[in-house]
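Biologist: Could you take me slowly through one part of this chain and then show me how it sits with the rest?

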Amino acid sequence: MDQYLTRKRAAVLAHLSNKCRRCGFSDCRALQIDHIDGGGGKELRCTAQWTYLNRVLAESFRFQLLCANCNWIKRSEKSEAKYRNQNIGQKARNIGHAPEQSGIFPEQQTGNAG
Ligand SMILES: [Zn+2]
């Protein structure tokens, strides 16, 4: 990261109060800019870092600082919630099917019929 970018990032972190929104951790080496509504990774991949940092400054209500731990925990919570929702949808689709059609190992249920 070049010097200008480092300074810019420091300014952005200061703007976002220089600490993790969840736990208060304040070592800037492990602080990450997080999209409150998600989608940050995609936006970062599509945008030059300088432009991205300017956007964070201009639209700081959309962003928060999380430390690396809290960011991973948030990600994990989100993917677990997504997985749960998919499971609920799957169960709803399975209603009405015969139990043997939803077996985990259907090949073990064929027996010696032949
Ligand atoms: Zn944290």
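Leaving aside its neighbours within four places in sequence, with which residues is Leu53 in contact?

Modeller: With the neighbours within four places in sequence left aside, Leu53 is in contact with Lys8, Arg9 and Val12, where contact means that the C-beta atoms of two residues, placed from the backbone, lie within 7 Å. Before going further, please keep in mind that this is a predicted model, in which local features need pLDDT of at least 70 and side-chain atom pairs count only at pLDDT 80 or more, while totals for chains, interfaces and linings use all residues. Residue numbers start from 1 along each chain as its sequence is written.

Leu53 belongs to helix 3; helices here are DSSP runs of H or I with at least four residues, strands are runs of E with at least two, and both are numbered from the N terminus. Leu53 counts as partly exposed because it has 19 C-beta neighbours inside 10 Å; on this scale 20 or more other C-beta atoms within 10 Å make a residue buried, 12 or fewer make it exposed, and the values in between make it partly exposed, again with C-beta atoms placed from the backbone. Its C-alpha atom is separated by 6.7 Å from that of Val12, although the two residues are 41 apart along the chain.

These contacts of Leu53 belong to a broader meeting of two helices, in which Leu5, Lys8, Arg9, Val12 and His15 of helix 1 face Gln49, Trp50, Leu53, Val56 and Leu57 of helix 3. The residues of this contact divide into six nonpolar, two polar and two charged, where Ala, Val, Leu, Ile, Met, Phe, Trp, Tyr, Cys and Pro count as nonpolar, Asp, Glu, Lys and Arg as charged, and the others, Gly among them, as polar. The axes of helix 1 (residues 3-15) and helix 3 (residues 49-58) come within 10 Å and cross at roughly 20°; such axes are lines fitted to C-alpha atoms over the stretch in contact, and the angles between N-to-C directions run from 0 to 180 degrees. The two helices are therefore roughly parallel to each other, a term for angles under 35 degrees, whereas those over 145 are roughly antiparallel, 65 to 115 roughly perpendicular and the rest oblique. The crossing of helix 1 with helix 3 is left-handed, that is, the near helix is turned anticlockwise from the far one by less than a right angle, clockwise being right-handed.

Gln49 also lies in helix 3, and it counts as partly exposed because 13 C-beta neighbours lie inside 10 Å. The C-alpha atoms of Gln49 and Lys8 are separated by 9.8 Å, with their positions 41 residues apart along the chain.

In the loop between helix 1 and strand 1 we find Ser17, whose phi is near 75°, a positive value in a residue other than glycine. Asn18 sits in the loop between helix 1 and strand 1 as well, and its phi, near 60°, is likewise a positive value in a residue other than glycine. Ser17 is partly exposed, with 13 other C-beta atoms within 10 Å, and Asn18 is partly exposed with 14.

Turning to the strands, strand 1 (residues 31-35) and strand 2 pair in the antiparallel sense over five bridges, at least two DSSP bridges being needed for two strands to pair. Leu31 stands opposite Cys67 in strand 2. Strand 2 (residues 63-67) is mostly covered, with four of its five residues buried. Cys67 is buried, with 23 other C-beta atoms within 10 Å, and, its neighbours within four places in sequence aside, it is in contact with Cys20, Cys23, Phe25, Ala30 and Leu31. The C-alpha atoms of Cys67 and Cys28, 39 residues apart along the chain, are separated by 8.4 Å.

For the chain as a whole, there are four helices and two strands, which follow the pattern α-β-α-α-β-α along the sequence. Of its 114 residues, 11% count as buried, and among contacts between residues at least 6 apart in sequence, 74% join residues at least 24 apart.
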